[in-house]
Amino acid sequence: RFKTNTRLCLSMSDFHPESWQPAWSLATMLKGLLSFMCEDSPTAGAVDPLPPADERQKLAQASAEWNKGQAEFLKAFPEFDSILAAAAARKSKG
């Protein structure tokens with residue numbers, strides 16, 4: 001969804017400091033980021049045009065595998081493997 005090492009056009013990023021709201025919680029920012037990840041609209045910092053869905057699935061899988069090899073990531077998200085397993089189980093059920 002996003003290019004690496006590129007500023008992102010988000011109301012919660014330094015791209016739009018005029019939109020920053022100090023009252024935003026981390027949960028609010030994560031919800032905003034999640035909603036942005038679930039849409040395809042182009043914006044500064046986004047990959048444009050988006051790759052086909054099957055390629056995005058491959059990239060997501062490669063990203064998950066890469067993250068599992070990062071000690072800091074695993075320290076921050078020790079339940080990552082169980083989350084992936086639960087997601088795979090839900091997907092296989094249909």
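A salt bridge is taken here as a side-chain nitrogen of Lys or Arg within 4 Å of a carboxyl oxygen of Asp or Glu. In the present structure, which is a predicted model, a search of the whole structure under this criterion returns two salt bridges. The overall architecture is described before these pairs are examined.

The chain contains four helices and zero strands, and its pattern along the sequence reads α-α-α-α. Its radius of gyration is 16 Å, well over the 12 Å that the globule rule gives for 94 residues, so the chain is more spread out than a compact globule. Along the principal axes, the C-alpha atoms occupy a box of roughly 45 × 30 × 25 Å. Of the 94 residues, 14% count as buried. The exposed surface of the chain amounts to about 7,300 Å², of which carbon and sulfur atoms supply 61%. When contacts between residues at least 6 apart in sequence are considered, 47% of them join residues at least 24 apart. The chain carries 11 positive and 11 negative charges, and the mean positions of these two sets are 5 Å apart.

Side chains of opposite charge can pair when their charged atoms come close. One such pair is formed by Glu 65 and Lys 68, whose side chains meet in a salt bridge with an N to O distance of 3.2 Å. Both residues belong to helix 2, which spans residues 53-68. They are three residues apart, about one turn of the helix. Glu 65 is partly exposed, with a relative accessible area of 41%, and Lys 68 is likewise partly exposed, at 29%.

Lys 68 also forms a salt bridge with Asp 81, in which the closest N and O atoms are 3.8 Å apart. Because Lys 68 lies in helix 2 and Asp 81 in helix 4 (residues 80-93), this pair ties together parts that are 13 residues apart in sequence. Asp 81 has a relative accessible area of 47% and is therefore classed as partly exposed, given that the exposed class begins over 50%. Glu 65, Lys 68 and Asp 81 are thus linked in a network of salt bridges.

Helix 2 also contains Asn 67. The relative accessible area of Asn 67 is 16%, so this residue counts as buried, the cut-off being under 20%. With neighbours within four places in sequence left aside, Asn 67 is in contact with Phe 73, Leu 74 and Phe 80.

A further buried position is found in helix 1, which covers residues 26-37 and includes Phe 36. The relative accessible area of Phe 36 is 12%, which means that Phe 36 is buried. Beyond its neighbours within four places in sequence, Phe 36 is in contact with Arg 1, Phe 2, Cys 9, Leu 10 and Thr 43. With respect to Arg 1, Phe 36 is 35 residues away in sequence, whereas the C-alpha to C-alpha separation in space is 9.1 Å.

How values were computed
Residues are numbered from 1 along each chain as its sequence is written. This is a predicted model: local features need pLDDT of at least 70, side-chain atom pairs count only at pLDDT 80 or more; totals for chains, interfaces and linings use all residues. Side-chain values use heavy atoms; hydrogens and water are left out. Helices (H or I, at least four residues) and strands (E, at least two) are DSSP runs, numbered from the N terminus. Buried means under 20% relative accessible area, exposed over 50%, partly exposed in between (1.4 Å probe, protein chains only). The radius of gyration is taken over C-alpha atoms; the globule rule is 2.2 Å times the number of residues to the power 0.38. Contact means heavy atoms within 4.5 Å. Accessible areas come from the Shrake-Rupley method with a 1.4 Å probe; for residues, only the protein chains shown count as cover. Lys and Arg count as positive and Asp and Glu as negative; His and the chain ends are not counted. The place of a charge is taken as NZ of Lys, CZ of Arg, CG of Asp or CD of Glu.
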